[in-house]
Amino acid sequence: AEVLAADVGRVLGVTVPDMRLVHSTAPEWSQLHTALEGLAPRCRSAQVALDLMKCCQVCIVSEFVAGDSLGRYWTADLAPFTGDRNWAQQLGRVFVLDVVTRNPDRLPCDAMGWMGNLSNIRVDDQMRLVSIDSGIPHLPPRIRGKVRKKDQESILTLLPALLQDPADFVHSLFVTAAGPVDHTALGRDFVLGVRHALTQVAALLPVFEVVQSRLRDVLKEFFALEGEAGAAAALDRTQQFGLTQQVRKFQKPKPKLEKPKPKVTQAKTLQAVYGTGPGTGRRTLDRTGRKTPERSGRPSGPERPPADPNGALDADREVLLEWNDRFAWAGEQVRDHLQTEGLLIRTGFLDEEVAAKHWLGNGYEAKVRFDVMVDRMRWLVEAGRL
């Protein structure tokens with residue numbers, strides 16, 4: 001999501017650091033791991049990154065932005081910026097990007113309910129504003145409608161007022177700023193940046209609507225299998241674990257089995273836990289979680305309850321693998337469309353170096369982010385009368 005948001009920001013004229021995605025299968029992954037191992041003993045952040053690499057399959061390598069945060073200048077002295085009109089225009093573009101991506105963690109804005117975090121705008125050695133830590137939230141289905149309604153009301157109320165008379169907005173934005181601040185000049189330049197970004201939003205919207213439509217069509221068919229709420233929740237919970245674990249979540253509910261008699265070991269086979277095929281060597285887990293010795297063939301002794309009473313495991317696995325292929329094809333279509341439009345925008349989820357074999361979960365994650373952006377782009381265009 002950070003790569004997608006940063007690429008969108010670049011199209012809107014926001015200065016963002018260069019970054020790339022590295023998958024765990026790439027040679028650079030091992031090089032990064034080795035470098036972090038050398039830094040870990042004396043750098044806690046390196047140790048945290050090293051720990052994350054053990055459970056993640058992709059990481060972002062971002063350009064380092066030397067300098068200070070805008071927050072330090074904000075509380076000390078904004079005088080170094082007063083003679084440069086570009087910096088206020090840059091803030092206007094950042095504001096539009098944060099509205100599009102629903103990012104409350106950068107510019108403070110009471111009307112949008114944003115606390116803000118000016119540390120996420122860096123001032124480099126050339127006194128340029130560089131926006132870092134962009135992102136697009138994955139809103140849980142249970143609050144999505146409520147958040148959507150609130151944001152729509154805020155945007156349709158705030159933006160027209162800002163474009164017509166930016167005085168109140170600029171005053172609230174710079175109320176805590178130190179040093180002499182010309183609100184009139186800042187407001188004029190801020191609105192110029194907003195208008196420039198809105199022009200780009202209007203041009204980008206139809207392109208993103210096509211992407212959203214393609215993802216929504218294929219997901220609509222997929223959700224019909226189990227219902228959207230169940231499918232979405234399952235993908236939410238299992239995205240980090242990969243396709244094999246997703247299989248388990250999409251099984252039909254198992255009927256309740258009678259409780260085992262005392263002192264009788266109730267075992268689960270590896271087939272039920274990890275979805276491995278029948279007839280292979282496997283281990284079982286007893287009630288204490290301990291692994292029993294490997295054995296092959298069917299378990300001997302009294303007949304046990306089947307691992308998959310509904311016989312759905314293998315069938316669901318094949319269905320999910322088929323849909324994984326369909327999502328891979330949809331991802332290729334999305335990338336081709338963005339390239340055809342001449343846009344250097346990576347989806348962050350449907351890029352080949354990221355999705356690897358987990359197109360299904362990544363397709364859902366991409367769809368949720370495009371829903372967030374397309375909604376807010378439409379409201380911006382409507383409010384800005386573009």
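**Exercise 1. Which residues in α6 are buried?**

The model is predicted: local features need pLDDT of at least 70, side-chain atom pairs count only at pLDDT 80 or more, and totals for chains, interfaces and linings use all residues. Residues are numbered from 1 along each chain as its sequence is written, and side-chain values use heavy atoms, with hydrogens and water left out.

Step 1. Locate the helix. Helix α6 covers residues 141-164, 24 residues in total. Helices (H or I, at least four residues) and strands (E, at least two) are DSSP runs, numbered from the N terminus.

Step 2. Check its span. From first C-alpha to last, α6 reaches 35 Å, close to the 34 Å expected at 1.5 Å a residue. The expected span is 1.5 Å times one less than the number of residues in the helix.

Step 3. Apply the burial cut-offs. Buried means under 20% relative accessible area, exposed over 50%, and partly exposed in between (1.4 Å probe, protein chains only). Val-147, Asp-151, Ser-154, Ile-155, Leu-158, Leu-159, Pro-160, Leu-162 and Leu-163 are the buried residues in α6.

Step 4. Find what they pack against. The partners of these buried residues are α5 (85-101), α7 (167-173), α8 (183-223) and α14. Contact here means heavy atoms within 4.5 Å.

Step 5. Take a residue of α6 that is not in that list. Arg-144 lies in α6 and counts as partly exposed because its relative accessibility is 24%. Arg-144 touches His-138, Leu-139, Tyr-364 and Val-368, leaving out residues up to four places away in sequence. Its C-alpha is 9.4 Å from that of Val-372, although 228 residues separate Arg-144 and Val-372 along the chain.

**Exercise 2. Describe the salt bridges of Asp-151, then that of Arg-10.**

Step 1. Fix the rule. A salt bridge is a side-chain nitrogen of Lys or Arg within 4 Å of a carboxyl oxygen of Asp or Glu. The count by this rule is 17 salt bridges.

Step 2. Take Arg-102. Its side chain meets that of Asp-151 in a salt bridge of 2.5 Å, N to O. This pair links distant parts of the chain, with Arg-102 in the loop between α5 and β4 (121-123) and Asp-151 in helix α6, 49 residues apart. Arg-102 counts as partly exposed because its relative accessibility is 24%, whereas Asp-151 is buried at 3%.

Step 3. Take Arg-376. The closest N and O atoms of Arg-376 and Asp-151 are 2.8 Å apart, in a salt bridge. Arg-376 sits in helix α14 and Asp-151 in helix α6, so this pair too links distant parts of the chain, 225 residues apart. Both Arg-376 and Asp-151 are buried.

Step 4. Turn to Arg-10. Arg-10 forms a salt bridge with Asp-7, with 2.8 Å between the closest N and O atoms. Both belong to helix α1 (residues 2-11), and because they are 3 residues apart there, about one helical turn separates them. Arg-10 is partly exposed at 34% relative accessibility, and Asp-7 is buried at 1%.

**Exercise 3. Describe the burial and surroundings of Met-373.**

Step 1. Place the residue. Met-373 is in helix α14, residues 359-384.

Step 2. Read its accessibility. Met-373 counts as buried because its relative accessible area is 0%.

Step 3. List its contacts. Leaving out residues up to four places away in sequence, Met-373 touches Leu-4, Val-8, Val-100, Thr-101, Ile-136 and Phe-208. From C-alpha to C-alpha, Met-373 and Leu-205 are 8.9 Å apart, with their positions 168 residues apart in sequence.

**Exercise 4. Which residues touch the most other members of the largest nonpolar core?**

Step 1. Define the core. A nonpolar core is a set of buried Ala, Val, Leu, Ile, Met, Phe, Trp, Tyr and Cys residues joined through side-chain atoms within 4.5 Å.

Step 2. Name the residues. The largest core has 85 residues, and Trp-87, Phe-95 and Phe-208 touch the most other members. Helix α8 gives the largest share of this core, 17 residues. Apart from this core lies another, of 9 residues, among them Trp-29, Ala-40, Ala-46 and Cys-59.

Step 3. Relate Cys-59 to its strand. In β2 (residues 58-62), Cys-59 and Val-61 point to one face and are buried, while Val-58, Ile-60 and Ser-62 point to the other and are not.
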